[in-house]
Amino acid sequence: VFTRMVVDLSEFTQSWWWAILGVLVAIGFVFVQARRRSPRFARFLDIIILKAPAFGPILRKASIARFARTLSTMFSAGVPLVDALGSVSGATGNAVYREATLRMRDETEAGGQLQWSMRNTGVFPNMVVQMVAIGEESGSLDSMLAKVADFYEAEVDNAVDSLSSLLEPLIMVVLGVLVGGLVIAMYLPIFQMGQVI
């Protein structure tokens with residue numbers, strides 16, 4: 001039965017490979033267009049990605065690193081904080097952090113401190129908020145944001161290295177199961193013929 005399933009799957013793939021390829025391309029196209037044209041769908045997808053077990057923390061740290069690096073560069077170049085926050089919102093690469101940055105811009109434009117607006121969003125870690133608070137009080141916000149960016153960029157690099165080292169055994173297991181399944185499918189009928197004889 002297992003060998004018959006493998007043969008049928010092979011014949012189906014050979015006969016309908018163009019339909020399978022077309023369906024995959026169509027699904028990818030619809031997915032990309034829905035993410036681009038629907039802000040609600042993009043936000044929902046980004047929330048799910050941030051909550052993913054393995055990749056979520058890495059993407060969260062990467063968004064914070066991009067936020068801090070871009071804001072530090074723009075603020076040190078003399079761009080006003082409100083204008084810089086408006087530009088930084090698009091550089092975070094995530095709808096959740098983009099909306100949080102826009103809320104921070106509105107609260108800062110209304111006269112609030114950056115640290116309080118960051119704390120109100122609830123998406124930034126306490127360490128980032130404290131570093132921003134120190135930068136605001138000491139007048140060195142750009143250097144503090146640069147330190148935050150350096151820290152989280154190093155965290156992302158370490159997390160990616162750890163994840164890649166964990167993925168190698170998983171890939172070996174998947175390949176072993178696939179190759180082993182094909183070998184069993186090929187030799188199982190031979191063993192059954194031997195038992196019959």
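**Exercise 1. Find the neighbours of Val 88, then place the residue.**

Step 1. Leave out residues up to four places away in sequence, and Val 88 touches Phe 67, Thr 70, Leu 71, Met 74 and Thr 101. Contact here means heavy atoms within 4.5 Å.

Step 2. A word on the model before going on: it is predicted, so local features need pLDDT of at least 70 and side-chain atom pairs count only at pLDDT 80 or more, while totals for chains, interfaces and linings use all residues. Residues are numbered from 1 along each chain as its sequence is written, and side-chain values use heavy atoms, with hydrogens and water left out.

Step 3. Val 88 sits in helix α5. Helices are DSSP runs of H or I with at least four residues, strands are runs of E with at least two, and both are numbered from the N terminus.

Step 4. Val 88 has a relative accessible area of 0%, so it is buried. The cut-offs are under 20% relative accessible area for buried, over 50% for exposed, and partly exposed in between, with a 1.4 Å probe and protein chains only.

Step 5. For a longer reach, take Ser 143: its C-alpha is 17 Å from that of Val 88, and the two are 55 residues apart along the chain.

**Exercise 2. Work out how helices α3 and α6 meet.**

Step 1. Start with the axes: those of α3 (residues 39-50) and α6 (residues 95-109) come within 8 Å and cross at roughly 110°. Axes are lines fitted to C-alpha atoms, for helices over the stretch in contact, and angles run from 0 to 180 degrees between N-to-C directions.

Step 2. Now name the arrangement: α3 and α6 are roughly perpendicular to each other. That label covers 65 to 115 degrees; under 35 counts as roughly parallel, over 145 as roughly antiparallel and the rest as oblique.

Step 3. List who makes the contact: α3 brings Ala 42, Arg 43, Asp 46, Ile 47 and Leu 50, and α6 brings Ala 95, Val 96, Tyr 97 and Glu 99.

Step 4. Sort them by class, and you get six nonpolar, no polar and three charged residues. For this sorting, Ala, Val, Leu, Ile, Met, Phe, Trp, Tyr, Cys and Pro count as nonpolar, Asp, Glu, Lys and Arg as charged, and the others, Gly among them, as polar.

**Exercise 3. Take two acidic residues from that contact. Is Asp 46 buried or exposed? And how far is Glu 99 from Asn 120?**

Step 1. Asp 46 belongs to α3, and with a relative accessible area of 3% it is buried.

Step 2. Check its side chain: it reaches the backbone nitrogen of Ala 95 at 2.7 Å. A polar contact is a pair of N or O atoms within 3.5 Å; within protein, one must be able to donate a hydrogen and the other to accept it, and residues adjacent in sequence count only if both atoms are side-chain atoms.

Step 3. Beyond residues up to four places away in sequence, Asp 46 touches Arg 35, Asn 94, Ala 95 and Val 96.

Step 4. Glu 99 lies in α6 and is partly exposed, at 29% relative accessibility. C-alpha to C-alpha, Glu 99 and Asn 120 are 12 Å apart, with their positions 21 residues apart in sequence.

**Exercise 4. Walk along α6 from end to end.**

Step 1. At the N-terminal end, Asn 94 is the cap: a side-chain oxygen lies 2.9 Å from the backbone nitrogen of Val 96.

Step 2. Check the length: α6 has 15 residues and reaches 21 Å from first C-alpha to last, close to the expected 21 Å. The expected span is 1.5 Å times one less than the number of residues.

Step 3. Pick out the buried residues: Ala 95, Val 96, Tyr 97, Ala 100, Thr 101, Met 104 and Thr 108. They pack against α3, α4 (56-76), α5 (81-88) and α7 (114-121).

Step 4. After α6 comes Gly 111, with a positive phi near 110°.

**Exercise 5. Describe Ser 63 of α4.**

Step 1. Ser 63 lies in helix α4 and is buried, at a relative accessible area of 2%.

Step 2. The side chain of Ser 63 reaches the backbone oxygen of Thr 92 at 3.4 Å.

Step 3. Neighbours within four places aside, Ser 63 is in contact with Thr 92, Asn 94 and Tyr 97.
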